[in-house]
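Please open the model in your viewer and keep the sequence panel beside it. The stops below say what to select next and what is to be found there.

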Amino acid sequence: MMSRSRILRRAACLLPVAAASLLMATSCEQPMSPEEEYVRAQATVARWVNLHPDAWETELSGWPLKRPGSSAPCRQNPPAGTVVLRYGLPQTEIDLHFRCPLDASSTAQDLAAAFQFAVLTRLPHGMWSPGWEYELLTPTSTITEGVAFPTPTGPRQLRVEIRTPMYAIHARSTRPSCQPPQDAPAIEGCYLSRPHGIPLRISMTVEFRASALE
């Protein structure tokens, strides 16, 4: 016998669009099984590879660099210490590490001269499918080569260009049953890894605030 909730879902799917729009919380699509989610994830990765056979590039702007709470300002660090400025959004997280000393009077040119390395924690690749998360992997976690700082257009503006190779796309299921115990190997059917050795080209034009360096 069909459950009451399933009957209501099915009825909502048969309503005219105007009426059905009032039932936004009702889903007309049945939940997928883990196997169906895995197949969808495979197709998502294959589609992305086909769309980017030779290179992937993105232009980032409109969000200021901020110092994360895990990074102390230079005044609290020894002269050989490091301060981090982060470009952070829900789908993007890039950390730029700079040598101290830097303070609120530092300019974009000062930052460029003090650059140490970049960490590409999350990139806005655009891949999505139900129950899965995706990331682009680079050969090393820290990037020092291929990072340039073209002349910015303003004193509190930083222009950064990052050119680095990619080697694979990694995807994992977010289902609770796919979360292995600590130090245990990943569960078959809960992850994907596809080699894809193309260049990544990331350009950023961002503001940095004096308070980020204080």
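Start by selecting P34, which lies in helix α3, where helices (H or I, at least four residues) and strands (E, at least two) are DSSP runs numbered from the N terminus. P34 counts as partly exposed because its relative accessibility is 40%, given that buried means under 20% relative accessible area, exposed over 50% and partly exposed in between, with a 1.4 Å probe and protein chains only. Now add G131 to the selection: 97 residues separate P34 and G131 along the chain, and their C-alpha atoms are 8.7 Å apart.

Before going further, please note that this is a predicted model, in which local features need pLDDT of at least 70 and side-chain atom pairs count only at pLDDT 80 or more, while totals for chains, interfaces and linings use all residues. Residues are numbered from 1 along each chain as its sequence is written, and side-chain values use heavy atoms, with hydrogens and water left out.

Next, select the whole of α3, residues 34-51. From its first C-alpha to its last, this helix of 18 residues reaches 26 Å, close to the 26 Å expected at 1.5 Å a residue, the expected span being 1.5 Å times one less than the number of residues. Which residues of α3 are buried? They are E37, A41, T44, V45, W48 and V49. These residues lie on the same side of α3 because they cover an arc of only 130° around the axis, the arc being that of the directions from the helix axis to the C-beta atoms. On the other side of α3, E35, V39 and N50 are exposed. To see what covers the buried residues of α3, show β1 (56-61), β5, β8 and β9 (191-195), which are included in that cover; contact here means heavy atoms within 4.5 Å.

Moving on from the helix, select H52, which sits in the loop between α3 and β1. H52 is buried because its relative accessible area is 19%. Leaving aside residues up to four places away in sequence, H52 touches H196 and I198.

Keep H196 on display and select Y167, in the loop between β7 (157-165) and β8. The C-alpha atoms of Y167 and H196 are separated by 5.2 Å, although the two residues are 29 apart along the chain. With residues up to four places away in sequence again not counted, the contacts of Y167 are L137, T138, P139, R194, P195, H196 and G197. Y167 counts as partly exposed, because its relative accessibility is 42%.

The next stop is the largest pocket, for which you can select T121, R122, H125, Y134 and E135, the residues nearest its centre among the 24 that line it. A pocket is an open set of points on a 1 Å grid over the protein atoms alone, where a 1.4 Å probe fits, with protein on both sides within 12 Å along at least five of seven lines, and lining residues have an atom within 4 Å of a point. The elements that give two or more residues to this lining are β4 (115-122), β5 (132-137) and β8 (168-173), and the largest share, 6 residues, comes from β5.

Finally, show the entire chain, which has 4 helices and 10 strands. Of its 214 residues, 36% count as buried.
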